[in-house]
Amino acid sequence: MDIEELLDFQPARTLKRGPDAEADGGFEGMFKRKAVEAPQKKNYEDMTDEERLALVMELDEDKTAEMDEGTVKRMLLNLEKKYSRNQELRIKHAEQPEKFMETEIELHVEVGKCLSIATQPQLYPVLVQCNGVKLIVSLLGHPNSDIVLGVVDLLNELTDTDVINEAIDDALELVEALVKNQIMSVLVQVLETLDEKNEDEAKGLHNILGIAENLVEADPELADHAFTQAS
């Protein structure tokens, strides 16, 4: 699919999947299980891994207002560590996904935490300076489609037009870094792997289109260069 087809593409609307869709067995089914909200009086030691991860996410949301340069650096460091650990175990236990399942979930959670960076576009230069853009773009090549879709969602939020307009000069540093890291070429590759009949992947398709539109609105000249790279 070339860039003109990408911009013209309109994924078909799909109905929500029924409860059986997430009950599928196997590795992907395990990954897609929703985190269970922990009972109010349940001790941390008695929680399942999923309940602990859900609690961490909830606590992390309360820290958004405290975000500063140090927070962004810690987020990126944690993301890099989770990614490295996941890659290490994936290679070591390629035929035993249950042995790297926990690191897969943790990586997905770290990607989700980075969404809070989109609330502070004035900190985008920190994201660029710490090689965070390169790290995020590299995650688009992850074998787990849920992680890839999470990264696509993150990029769509980071490049949101309203967010960029809040701190245009700082935000353009992010746009320039994305173009430098061949963002549209990578997204076109992701696009070719998605199935519009799958609800989550259809959302990913819309998010990719959103990223393309956001780049055009942020800087048409840079966007044109990005699209040329992807052609």
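Modeller: Partly exposed means a relative accessible area between the buried range, under 20%, and the exposed range, over 50%. This model is predicted. With that cut-off in hand, take Q182, in the loop between α10 and α11.

Biologist: Why does Q182 count as partly exposed?

Modeller: Its relative accessibility is 35%. That is neither under 20% nor over 50%, so the label is partly exposed.

Biologist: What is notable about phi of Q182?

Modeller: Phi of Q182 is near 60°. That is a positive value, and the residue is not glycine.

Biologist: Which other residue has phi near 60°?

Modeller: N131, again a residue other than glycine with a positive value. N131 sits in the loop between α6 (124-129) and α7 (132-138).

Biologist: What makes N131 exposed?

Modeller: N131 has 53% relative accessibility. Exposed starts over 50%, so N131 qualifies.

Biologist: How many helices and strands does the chain have?

Modeller: There are 13 helices and zero strands. Read along the sequence, the pattern is α-α-α-α-α-α-α-α-α-α-α-α-α.

Biologist: What share of the chain is buried?

Modeller: Of the 231 residues, 45% are buried.

Biologist: And what share of the contacts joins residues at least 24 apart?

Modeller: The share is 74%, counted among contacts between residues at least 6 apart in sequence.

Biologist: On to helix pairs. What two values describe a packed pair?

Modeller: The angle between the axes and the distance between the axes. For helix α11 (residues 183-191) and helix α13 (residues 220-230), the angle is about 50° and the axes are 7 Å apart.

Biologist: Why are α11 and α13 called oblique?

Modeller: Set about 50° against the bands. Roughly parallel is under 35 degrees, and roughly perpendicular runs from 65 to 115. The angle falls in neither band, nor is it over 145, so α11 and α13 are oblique to each other.

Biologist: Which hand does the crossing of α11 and α13 have?

Modeller: α11 passes α13 in a right-handed crossing. M184, S185 and V188 of α11 make the contact with A226, F227, Q229 and A230 of α13.

Biologist: How do those residues divide by class?

Modeller: The contact of α11 with α13 has five nonpolar and two polar residues, with no charged ones.

Biologist: What makes α10 and α13 roughly parallel?

Modeller: Helix α10 (residues 168-180) packs against α13 at an angle of about 15°, with the axes 9 Å apart. The cut-off for roughly parallel is under 35 degrees, so the pair earns that name.

Biologist: Is the crossing of α10 and α13 left-handed or right-handed?

Modeller: α10 passes α13 in a left-handed crossing. On the α10 side, the contact residues are V175, E176 and V179. On the α13 side, they are L222, H225, A226 and Q229. The contact of α10 with α13 holds four nonpolar, two polar and one charged residue.

Biologist: E176 belongs to that contact. Why does E176 count as partly exposed?

Modeller: The relative accessible area of E176 is 45%. This lies between the 20% and 50% limits, so E176 is partly exposed. The C-alpha atoms of E176 and A226 are separated by 9.5 Å, and the two residues are 50 apart along the chain.

Biologist: E110 is in helix α5. What makes E110 buried?

Modeller: E110 stands at 7% relative accessibility. Buried is under 20%, so E110 is buried. Beyond neighbours within four places in sequence, E110 contacts M75, N78, L79 and K82.

Biologist: How do you know on which side of the cut-off H93 falls, buried or exposed?

Modeller: H93 has 15% relative accessibility, under the 20% limit, so H93 counts as buried. H93 lies in the loop between α4 (69-92) and α5 (101-113). Apart from neighbours within four places in sequence, H93 is in contact with K99 and F100.

Biologist: How many disulfides does the model have?

Modeller: The count is zero. The rule asks for a pair of cysteine sulfur atoms within 2.5 Å.

Biologist: Among the cysteines are C114 and C130. Why do C114 and C130 get their exposure labels?

Modeller: C114 is at 1%, under 20%, so C114 is buried. C130 is at 33%, between 20% and 50%, so C130 is partly exposed.

Definitions and conventions. Residues are numbered from 1 along each chain as its sequence is written. This is a predicted model: local features need pLDDT of at least 70, side-chain atom pairs count only at pLDDT 80 or more; totals for chains, interfaces and linings use all residues. Side-chain values use heavy atoms; hydrogens and water are left out. Axes are lines fitted to C-alpha atoms, for helices over the stretch in contact, and angles run from 0 to 180 degrees between N-to-C directions. Helices (H or I, at least four residues) and strands (E, at least two) are DSSP runs, numbered from the N terminus. A crossing is left-handed if the near helix is turned anticlockwise from the far one by less than a right angle, and right-handed if clockwise. Contact means heavy atoms within 4.5 Å. Ala, Val, Leu, Ile, Met, Phe, Trp, Tyr, Cys and Pro count as nonpolar, Asp, Glu, Lys and Arg as charged, and the others, Gly among them, as polar. Buried means under 20% relative accessible area, exposed over 50%, partly exposed in between (1.4 Å probe, protein chains only).
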